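Hi,

Here is the structure I promised to pass on. Have a look at it first, and then read my notes underneath.

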Amino acid sequence: MTTRTRILTGITTTGTPHLGNYAGAIRPAILASRDSNADSFYFLADYHALIKCDDPLRIQRSRLEIAATWLAGGLDVDRVTFYRQSDIPEIPELTWLLTCVAAKGLLNRAHAYKASVDKNVEGGEDPDAGITMGLYSYPVLMAADILMFNAHQVPVGRDQIQHVEMARDIGQRFNHLFGQGREFFVMPEALIEESVATLPGLDGRKMSKSYDNTIPLFSSAKELKDAISRIVTDSRAPGEAKDPDNSHLFTLFQAFSTQAQAAEFRGELLAGLGWGEAKNRLFSLLDNELGEARERYHELIGRPSDLEDILQAGAKKARSVATPFLGELREAVGLRSFVNPTQVAATAKKKAAKAARFVSFREDDGSFRFRLLAADGEQLLLSRHFADGKTAGAVTKQLQSGQALDIRSEAGRFSVWLEGECVADSADFADDASCDAAIEALRVALTPAQD
Ligand code: TRP
């Protein structure tokens, strides 16, 4: 059994997703999240959006549209953790902790900031004209997004690779300064999908809002048709052979068709299909492929309170990871309770260590299991099934050995892992606070007494 790979990516909420965003980022991310080895965290980077946009209505609208797009596209929120960055107060808090260790010289080198400075200098302006601290600190906020959840892989476009590298740099520095041998942060890798389609736009250049050549994703069928009618083609007349390999209309078709459909369309173009007809073919294909999702999209947009509930549930799931982790980071930098924390832990430890006990039992199916009970008899853990008593015994021994515990919590419950394998689970808790408290009780119970 292998540990799941945590995949995390953010979507800046400044625009309305178009067909290029869908094929290039949304569709592959939704597909990747269905892999049973993937533990996906996808979020709306709305704090990042504020850096680029000071129009509140546009921010509001874009968050709603992007959330609805991902859900309509088939994202399964029971499987993934889907949330708004701005619903996680731990993110700005971690941003500050990281800001205090991030080297200014590192941020001076960020491409986006440098490009703005260069532009000012070229225009004879003050180098920092119009540059906010938001733009300057953009990579630190992004590092917090990534490090908060200890993401292994970060799918991004090429322009974002540098930011992921900066997250590594900043995370490493924090580990070094405060970890005392512990690696608080996992080092993330940028994931660049080479095979994913970069769609051409109406004019054949890369489809992009800044070129004004986009095809809308979930607008009406009529708008889709209008956009397709504006695709630029060569001047070959009906009956003349077309060159599919040099036609971006064909490239667009291929990005949404099966191989068989593409082969058939290619044949027709070579045989002289007129461009008008070709556009009809593309329209039917897209309308077919996207029609159902478009309906779901408009339903979702019409029920904003349902969307709100979905995102609040996502935030709760994300915070069940972020809140306890940030607590540890605050401890590490010295933001501690005045009540001597080591003393508190030591007394609690003594009490619990004496009383917590493992109880083994055998299931009807012959497998061996154990429970860990706290002093008051409350069940802290119930183990998975083991083939024999020896293995179960070895696991309880390992849990008591004092090694760092790999505890993973999600949605009001947690589990304990050894060497990449889940060995025991908690009960279900009513809320995150009781779940966190139980994790703390477990840690105390399993820390060997000092005396
Ligand atoms: N900066 C990213 C972009 O513009 C969006 C983003 C914000 C992000 N935080 C992130 C991407 C964390 C990956 C991980 O595309």
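Below is what I found, going from the whole chain down to single residues.

Before anything else, please keep in mind that this is a predicted model.

**The whole chain**

The protein chain has 451 residues, and 44% of them count as buried. Its secondary structure comes to 16 helices and 11 strands. If you want a feel for the dimensions, the C-alpha trace spans about 90 × 65 × 35 Å along its principal axes. The accessible surface is about 23200 Å², with carbon and sulfur atoms making up 51% of that.

Two other overall numbers may be handy. Taking the contacts with a separation of 6 or more, 68% are between residues 24 or more positions apart. As for charge, the chain carries 51 positive and 62 negative charges, and the mean positions of these two sets are 3 Å apart.

**The annotated motif**

UniProt, in an unreviewed entry, puts a short sequence motif called the 'HIGH' region at residues 13-21. In the model that stretch is 33% helix and 0% strand. Its end C-alpha atoms lie 12 Å from each other.

One residue of that stretch turns up again when you look at helix α3, which covers residues 56-72 and includes Thr69. Apart from its neighbours within four places in sequence, Thr69 is in contact with Pro17, Ile26, Leu217, Phe218 and Tyr297. Is Thr69 buried or exposed? It has 1% relative accessibility, so it counts as buried.

**Helix α2**

Ile51 makes a good counterpoint. This residue sits in helix α2, residues 46-52. Its relative accessibility is 23%, and because buried means under 20%, Ile51 counts as partly exposed. Setting aside neighbours within four places in sequence, Ile51 is in contact with Gly134, Leu135 and Tyr138. Arg6 is 45 residues away from Ile51 along the chain, and their C-alpha atoms are separated by 27 Å.

**The strands β7, β8 and β11**

Further along, strand β7 (residues 368-373) pairs with strand β8 (residues 379-383) in the antiparallel sense, over three bridges. Leu373 is the residue standing opposite Gln379 of β8. The two strands form a hairpin with five residues between them, and in the turn Gly377 has a positive phi of about 85°.

β8 also pairs with strand β11 (residues 421-425), again antiparallel, here over two bridges. In this pairing Leu382 stands opposite Asp425 of β11.

**The β9-β10 hairpin**

What pairs with β9? Strand β10 (residues 413-418) does, in the antiparallel sense and over five bridges. Glu410 has Arg413 in β10 as its bridge partner. Two residues lie between the strands of this hairpin, and Ala411 takes a positive phi near 45°.

If you colour β9 (residues 406-410) by burial, the side chains show an alternating pattern. Ile407 and Ser409 point to one face and are buried. Asp406, Arg408 and Glu410 point to the other face and are not buried.

That's the tour. Shout if you'd like to go through any of it together.

Cheers

Notes: Residues are numbered from 1 along each chain as its sequence is written. This is a predicted model: local features need pLDDT of at least 70, side-chain atom pairs count only at pLDDT 80 or more; totals for chains, interfaces and linings use all residues. Side-chain values use heavy atoms; hydrogens and water are left out. Helices (H or I, at least four residues) and strands (E, at least two) are DSSP runs, numbered from the N terminus. Buried means under 20% relative accessible area, exposed over 50%, partly exposed in between (1.4 Å probe, protein chains only). Contact means heavy atoms within 4.5 Å. Accessible areas come from the Shrake-Rupley method with a 1.4 Å probe; for residues, only the protein chains shown count as cover. Lys and Arg count as positive and Asp and Glu as negative; His and the chain ends are not counted. The place of a charge is taken as NZ of Lys, CZ of Arg, CG of Asp or CD of Glu. Two strands pair if DSSP finds at least two bridges between them. UniProt positions are given in the numbering used here, feature names are shortened, and annotations may be inferred rather than shown by experiment.
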